[in-house]
Structures are given as C-alpha cells and as structure tokens.
Amino acid sequence: MRFIIFVIIFNIHLSASVLSARDIRVDPTSGDDSSTFGPVKSISRAIRIAKPGDTIHLLPIVYRDYAGFYGVQGEPGKPITLDGHGAILEGSDPLDPRQWQEVQPGLFRCSNLLPHLNNAIISRWFFLWNGKMNHMGRTSKGPSAPLKKPEELESGEWTFIEDVSRKQSESNKIFGDFYLKLSPGMELAKANIFVPTRSAGVQFSSNKENHNAHLIIRNLTATHPYNDGFNIHGHCEDVLFENIRAIECGDDGISAHETAQYRVDGFVSIGNSTGICDTGDSQTSYNRVFIRDCLGFDLYFLDTGQYSLSNAVVLSSAARTLHVTGREKKHRPCSLNIDNVYIRRMTDVNEVRVSKHSRFDARRLTLQGLKFQATGGEVKLHNSMMRSEPKAKQKPARYDYIAATESRGPLVSEVILWRDVRWIADHNIYDVSLFRFDKTTYTKSNFSEFQTLTGQDTHSHFQSSTANNEKTGADLRMLEKLVVPENDQPLLRTP
C-alpha cells in the first residue's frame, strides 16, 4: 500500500511539473504585453514572465527587436528556452527623414541619431545602403580609414563629426553630427537607407547577486546591430546556444566577457567585424562552426579564458586570422583547444599567432595559406597539417573593406617559433617554405636536425601538395556535410 501511495504521489508531482511548463508565443501583430501567459507582443515581455521549464516561441519572421537576458534563471533540468524557429532579430530600422536636415544639395545632417554615442560605437558604425553595409573602410578591431570631412563625401558615403565643445568630463559619451551624401536629385526618403539602432541581437548582462543560468537559445539569427550579434556580459552558467547565426554585425558575431560560461552547438558567422571574440575569465566551447567574410578578426581569444573550438570551417579574409593572447601576471594563461578545424586564407598573407601567457592545443587542424607564429606560451600540435595556398582567381570583394582584396598571388606557409615557446608536436605534415625555431631555419633537407634537437615531431615530415586524410588534418568531407551551408560549399573546392 505504501508503495502504491508513493507511485501515485510521484505521478501527481510529475504531471504537475509537466503541466507547469508553458509555451509562450511572441506575436508582434496580435500579441498583448499585458498578458501573463501569451501570446505577447514583445520578446522582452516573454522573457520577463518565463519560468523554469517554459519555452518562448518566436515566429519565423523578422523581428525589429532584441532578446535581453538580465539575471534570468531556469533550474537544473528545467531551463528556460528561447526557440526562434528561424526568426531574425533585425538590429536596424529605416532611416527617418524627419531627423535629417539638408545643409547643401545632396548633403544631409543629423544631430540626434542615437540617444547615446561613444567612440566605440563610432568605430563599429555602418549604414545599410540599398541592403549593403557601408563601413567607409572602417571596422572594430581592425585598421580603419580616417573619417572624411563632410565636404569630401561622394555620393553613397557618410561621416561623423564630433562636437568636442560638448564633451563631458569623466564620461565616454560624445556628441556630434552624422552626414550622408546622396546623388544629385535623390530624395532621402527614397534612398533606401537603414540605421543600426540596436546594440545586439541577444544581450546578456548580470551582477554578482543575480546572474543568467540554465538557459537555451536556439534557431535564431541576429543581424545588423551596431555591436555584437550575441553579446554575453557578466556571469552566466549552464547556457546553451544551438543553431544560431550572426550576420553582418557591427562588431563580433558572438563575444563572451567577464566570467561567462556557455556552450555553442551550431554557429554561422558571416560578414561581422569579428567571427568570435572571447575575453576575460570566460569559459566557452564552440562546436559545428562556419565563419567567413570577417573584417577585423576571424577568431580572437584573450585574457585568462578557457576556450575550445571543434568541427569548424573558417574561410579567412579578416585583417587578422586567429590570435590567442594571454595577459602577464594573471592567475592562468589564455587557453584554446582545437579539434577538427579547417582554416583557409582567402585573401592576402596572414597568420595564426600565439602569444606569451597562452596555451594552444590543436589536433586535426589544417591551416591553408597561413603562417603560424608563436611568440611565447605553449603550443601542442598533433595530427595536423600546414600547407600553402595556390594563386586565386580574381573575384569581387563582398565588403567595402581594405582587407578584402579582389585578387592575390599564392600564399606560402611558414612556421616561426620564438625561443621561449614550448613546442610539443608530432604526426604533422608541413608543406611550408621554412620552419624556424629561434634563429635557426629548417627546411625539408635538414628537418631531422630540428627533430633531434627538440625531441619533437618525431613522426612529422615535410610533404608537398598534401591532401587531408582521415588521420592528418581536418576531415573536410565530414565538415562540408556537418557545418558548411549548402550555398557556401563551392568555396571549399575552388582556389
């Protein structure tokens, strides 16, 4: 009898738990934000009323909205889930001609485009002009052209002029005017210009007492914010991002800060200033990743964080490909673990760089058309491949940025190891022009001297015209099916 009573009570508890998990729907057209169960009008209202175990459902449409998580917590085994179902979080809005004044024929000025401006925002800024990002040759974390004077603008260009007389002491806020130049006779209302008015697609922030935890964000695209697609600040834990995309964001596709802890399974990053940029003491892991057409960095890992990247393809055209940068006098080095990753340089000469106070541990890594330089730290490289890239056919650059050159010659790979580097490596294939350790250069003919001197790379060798296989380098066949969007698969096969 006691057993039967226990089973009944358990089933009642289980049923109540299942029934308590709600589906909250967000419908910008018919939703009502005064509702406590939905459908609601805004994403912020849905997040505010969500309880552990609840799932927020978006429609597969474009939302001119963002998802802000500020101390939102599910429970272990009962996460709060935001399922986008293919929704797009659009960070821009159509330009409002009423905010602009025509100061000269075809030259328009706006003094109050955003309520708050600082130099970081201006460094990331762009306008969407006929659906195309216009950076004016500038980007965050990369070399940037100086802003033009208004009288220097040509049709289809913009600039910003700071009013230094309004500068406030001990404040990073700045004031000034934006200028746009249109073709003669073009009406501003018909110019099809959009303004990035939101800072992120998904935003996390918290304090020590109230952090984000036990969350799932899936099936969602963030595009055209002036900062990051997925901007993760403060502390968070037990957070999963699944099948997300960051497209044409002003700064990073996704970025972890402070002590953020999360996993990403399925991430596409295209046309952002940086594909992934993680900082602070964060702990992140990325699986099934595709990155292309970045401007500043493709991959950037800093400070004392512990990071991992697996099953990834990076088609590199940024000003810098991959940097791992630790900090002096910190409690631990910056650490990046890599497994089954293919990084191919698509434009001009560039490098993967590992700095002092860093650890770089890679298996099944293929670097194509890239130099590898370690200025310090510890590097582990096993079952990996470094090879040169043949001359590329001329093709138009996708973005108006100085790093996206239209054509280039062959890219010859090199390995450069500074004296203080701790190098632990074996079973690698090197199709490189030189392999330098400290001040000594090794080639195919004398590589055995390096092996004897260091006791490393015992089973590694130089080999020209190498091809990936199941044991050495990234598994391209698997990656093509697993992580590369169908429209981008031809990029893997053509020089």
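**Exercise 1.** In this predicted model, find the bridge partner of I276 in β22, then place β20 among its neighbouring strands.

Solution.
Step 1. I276 has L299 as its bridge partner in β22.
Step 2. Strand β22 covers residues 297-302 and is joined to β20 by four bridges; the two strands run parallel.
Step 3. Strand β18, residues 252-256, also runs parallel to β20, with two bridges between them. D252 is paired with T274 of β20.
Step 4. Is β20 enclosed or open? Five of the five residues of β20 are buried, so the strand is largely enclosed by the rest of the structure.

**Exercise 2.** D252 was met above as the bridge partner of T274. Determine which residues share a network of salt bridges with D252.

Solution.
Step 1. A salt bridge needs a side-chain nitrogen of Lys or Arg within 4 Å of a carboxyl oxygen of Asp or Glu.
Step 2. The network that contains D252 also links R124, K141 and D251.
Step 3. For the whole structure, the search finds 20 salt bridges.

**Exercise 3.** Describe the salt bridge between D281 and R332, and say which parts of the chain the pair ties together.

Solution.
Step 1. The N to O distance between the side chains of D281 and R332 is 3.0 Å.
Step 2. D281 lies in the loop between β20 (274-278) and β21 (283-292), and R332 in the loop between β24 (320-325) and β25 (334-345), so the pair ties together parts that are 51 residues apart in sequence.
Step 3. Partly exposed residues fall between the cut-offs of 20% and 50% relative accessible area. D281, at 25%, is partly exposed, and R332, at 23%, is partly exposed too.

**Exercise 4.** Work out where R22 and D54 lie, and whether each is buried or partly exposed.

Solution.
Step 1. R22 and D54 form a salt bridge in which the closest N and O atoms are 3.0 Å apart.
Step 2. R22 sits in the loop between α1 (2-20) and β1 (23-26), while D54 sits in the loop between α2 (43-49) and β2 (55-58); the pair therefore ties together parts 32 residues apart in sequence.
Step 3. R22 has a relative accessible area of 25% and is partly exposed. D54 has 0% relative accessibility and counts as buried.

**Exercise 5.** Classify the two partners of the salt bridge between E351 and R353 by accessibility.

Solution.
Step 1. The closest N and O atoms of E351 and R353 are 2.6 Å apart.
Step 2. E351 has 15% relative accessibility and counts as buried.
Step 3. R353 has 27% and counts as partly exposed.

Note on methods: Residues are numbered from 1 along each chain as its sequence is written. This is a predicted model: local features need pLDDT of at least 70, side-chain atom pairs count only at pLDDT 80 or more; totals for chains, interfaces and linings use all residues. Side-chain values use heavy atoms; hydrogens and water are left out. Buried means under 20% relative accessible area, exposed over 50%, partly exposed in between (1.4 Å probe, protein chains only). Two strands pair if DSSP finds at least two bridges between them.
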